[in-house]
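Please give me a short guided tour of this structure. I have it open in a viewer and would like to know what to select at each stop.

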Amino acid sequence: MVVIPLPLLSHLRVPASPRPHVFLDNDISTLTCYQWVLGVMINEIEQITQKFSVLDYVPVGFCVLREDFVVLFWNNCLEEWTQIPKTEVVGKNLSTYFTHINQPKYQIRLRQVLANGLPAIFSAQLHQSLIPSTLPNGQQRIQQTTVTAIPNAQGEGFYALIAIQDVTEVTNRIQAYRTELKQRTQIETELKRSNAELEQFAYVASHDLQEPLRMVTSFTKLLGQKYANQLDEQADQIINFAVDGATRMQALINDLLSYSRLNTQKKSFQPTDCQAVLEKALYNLQLLIVENNAKLRQSPLPTVIGDETQLVQLFQNLISNAIKYRSQQTPAIDLGAERQKDKWLFWIRDNGIGINPEQSERIFLIFQRLHTRNQYSGTGIGLAICKKIVENHGGQIWVKSAPGEGSTFYFTLPYLVDRHT
């Protein structure tokens with residue numbers, strides 16, 4: 001007589017009974033008994049293999065486990081990753097190859113799947129890989145594992161369908177991105193600190209240089225006046241150079257001070273009538289306008305959210321440039337604005353000498369000049385101030401131009417929302 005214990009029969013899906021199943025020697029031989037038990041398992045493996053054979057051709061690792069952790073299916077992808085042939089692992093307990101599965105944290109979650117049909121996820125961040133494998137370069141593969149319950153052949157329980165995704169490349173890219181982002185953040189923080197220090201230094205330096213430079217300019221002029229026609233031509237020329245240099249330095253310091261004040265002396269933005277802003281700018285430029293007989297045509301301008309002082313400087317700089325860089329024609333300036341969703345688009349168009357399109361970004365950089373001082377006066381800060389003002393208001397500024405065809409400067413300012421509508 002051969003006695004097969006209940007646990008063995010349970011693992012092999014032989015219907016359970018209250019007592020050990022008994023085979024009499026005269027009914028069946030011992031060899032025949034084990035052949036029958038093996039046949040049950042082989043039949044189960046064949047059913048699962050046939051059912052999931054399509055998973056052999058996907059780039060995701062798939063494995064099917066029985067309730068006793070015996071492997072019923074092992075696809076080609078897992079065979080390649082683990083270097084464990086399916087002919088070797090199928091029919092054997094998975095923990096034979098991966099002993100960490102015997103740990104309680106894995107056992108509990110897997111048995112929830114097999115007994116209760118609840119899914120489980122083993123994330124790469126929180127768990128060791130359920131079925132670990134290595135890449136060709138020896139690096140441990142980073143895996144995301146999902147375990148899903150599927151009804152077993154008898155309909156009395158569940159198999160565990162294990163799906164393993166290789167997320168190594170994605171994880172490495174994310175990690176590289178996080179590292180790069182951290183580095184960029186550090187660099188940006190350092191740049192902001194450095195820029196703030198430079199702006200403060202520029203403000204203090206330009207402010208403190210005002211008085212001594214004014215004294216140099218005044219006394220040099222007095223020297224020239226007192227000894228006029230008493231010194232030789234070379235001496236007069238030296239004095240003139242000194243006065244001219246001091247005057248240009250004074251203008252440069254004034255512009256630098258204006259530029260640094262845009263960040264160091266910010267005011268809260270208020271509803272600002274751009275028509276009133278334009279009138280103030282034109283008042284400041286009235287002598288330049290009259291001397292050049294400049295003609296200005298404008299359409300009605302809106303009210304925006306902004307700093308009136310900065311906006312006056314913005315209009316003043318752009319209009320004065322339109323006059324300064326005039327062509328042989330009488331300066332003609334067209335100015336207007338139109339609504340575009342949540343902002344206003346402004347333009348200032350002239351008939352001046354124009355700008356090479358290749359220089360359309362460079363002109364907004366500080367201390368950048370396209371012409372010599374002999375051709376046109378200036379410090380090379382005016383348009384940089386315009387750009388800073390527009391950016392302070394959350395807008396953008398750009399130019400469209402060509403040599404000999406005039407220039408059109410565009411900039412955007414925020415739209416004033418009427419709270420009563």
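The tour goes from the whole chain to a sheet, then to a pair of helices, and ends with some salt bridges.

**Whole chain**

Show the full chain as a cartoon, and keep in mind that this is a predicted model. The chain holds 11 helices and 14 strands. Colour the residues by accessibility: of the 421 residues, 38% are buried. Among contacts between residues at least 6 apart in sequence, 60% join residues at least 24 apart.

**The five-stranded sheet**

Select strands 3 to 7, which form an open sheet in the order 4-3-7-6-5, with antiparallel pairing. At the edges are strand 4 (71-74) and strand 5 (120-122), each of which pairs on one side only. On average, neighbouring strands of this sheet are turned by 20° against each other, direction ignored.

Now add helix 5 (residues 104-116), which packs on the sheet. Helix 5 touches strand 3, strand 5, strand 6 (143-151) and strand 7 (158-166), and its direction makes about 125° with that of strand 7.

Next, narrow the selection to strand 3 (residues 61-65) and strand 4, which run antiparallel and are joined by 3 bridges. Which residue of strand 4 stands opposite Cys63? Trp74 does.

**Asn76**

Select Asn76, which lies in helix 3 (residues 76-82). The residue is partly exposed, with a relative accessibility of 30%. Leaving out residues up to four places away in sequence, Asn76 touches Asp56 and Lys86. To try the distance tool, pick the C-alpha atoms of Asn76 and Val60: these residues are 16 apart in sequence and 9.1 Å apart in space.

**Strands 8 and 10**

Move to strand 8 (residues 270-273) and strand 10, an antiparallel pair joined by 4 bridges. Gln270 stands opposite Gly306 of strand 10.

Then show the side chains of strand 10 (residues 303-306). Which residues lie on its covered face, and which on its uncovered face? Val304 and Gly306 are on the covered face, while Thr303 and Ile305 are on the uncovered one. In a regular strand, side chains alternate between the two faces of the sheet.

**Helices 10 and 11**

Select helix 10 (residues 308-324) and helix 11 (residues 382-392) together. Their axes are 9 Å apart, and the helices pack at an angle of about 145°. The crossing of helix 10 with helix 11 is left-handed.

Show the side chains where the two helices meet. On the helix 10 side they include Gln310, Leu311, Leu314 and Leu318, and on the helix 11 side Leu383, Ile385, Cys386 and Ile389 are among them. The residues of this contact divide into 8 nonpolar, 6 polar and no charged.

Stay in helix 11 and select Cys386. Is this residue buried or exposed? Cys386 counts as buried because its relative accessibility is 0%, and the limit for buried is under 20%. Leaving aside neighbours within four places in sequence, Cys386 is in contact with Leu314, Asn317, Leu318 and Ile397. Another pair for the distance tool is Cys386 and Gln396, which are 10 residues apart in sequence and 10.0 Å apart in space, C-alpha to C-alpha.

**Salt bridges**

The whole structure contains 9 salt bridges. Three of them are visited here.

- Select Arg66 and Asp68, whose side chains meet at 2.7 Å, N to O. Arg66 is buried, with a relative accessible area of 1%, and Asp68 is also buried, at 13%.
- Select Asp334 and Arg297, whose side chains meet at 3.3 Å, N to O. This pair links distant parts of the chain, with Asp334 in strand 11 (residues 332-340) and Arg297 in strand 9 (residues 295-298), 37 residues apart. Asp334 is buried at 15% relative accessibility, whereas Arg297 is exposed at 60%.
- Select Glu391 and Lys387, whose side chains meet at 2.5 Å, N to O. They are separated by about one helical turn, because they are 4 residues apart in helix 11. Glu391 is partly exposed, with a relative accessible area of 42%, and Lys387 is partly exposed at 28%.

For the last selection, add Arg349 to Arg297 and Asp334: salt bridges with shared partners join these three residues into one network.

Technical notes:
Residues numbered from 1 in each chain as written. Predicted model: local features only at pLDDT ≥ 70, side-chain atom pairs only at ≥ 80, totals over all residues. Heavy atoms only, no water. Axes fitted to C-alpha atoms, helices over the stretch in contact; angles between N-to-C directions. Left-handed = near helix turned anticlockwise from the far one by under 90°. Contact = heavy atoms within 4.5 Å. Nonpolar A, V, L, I, M, F, W, Y, C, P; charged D, E, K, R; others polar. Buried < 20%, exposed > 50% of the residue type's maximum accessible area, 1.4 Å probe, protein only. Pairing = 2+ DSSP bridges. Salt bridge = Lys/Arg side-chain N within 4 Å of Asp/Glu carboxyl O.
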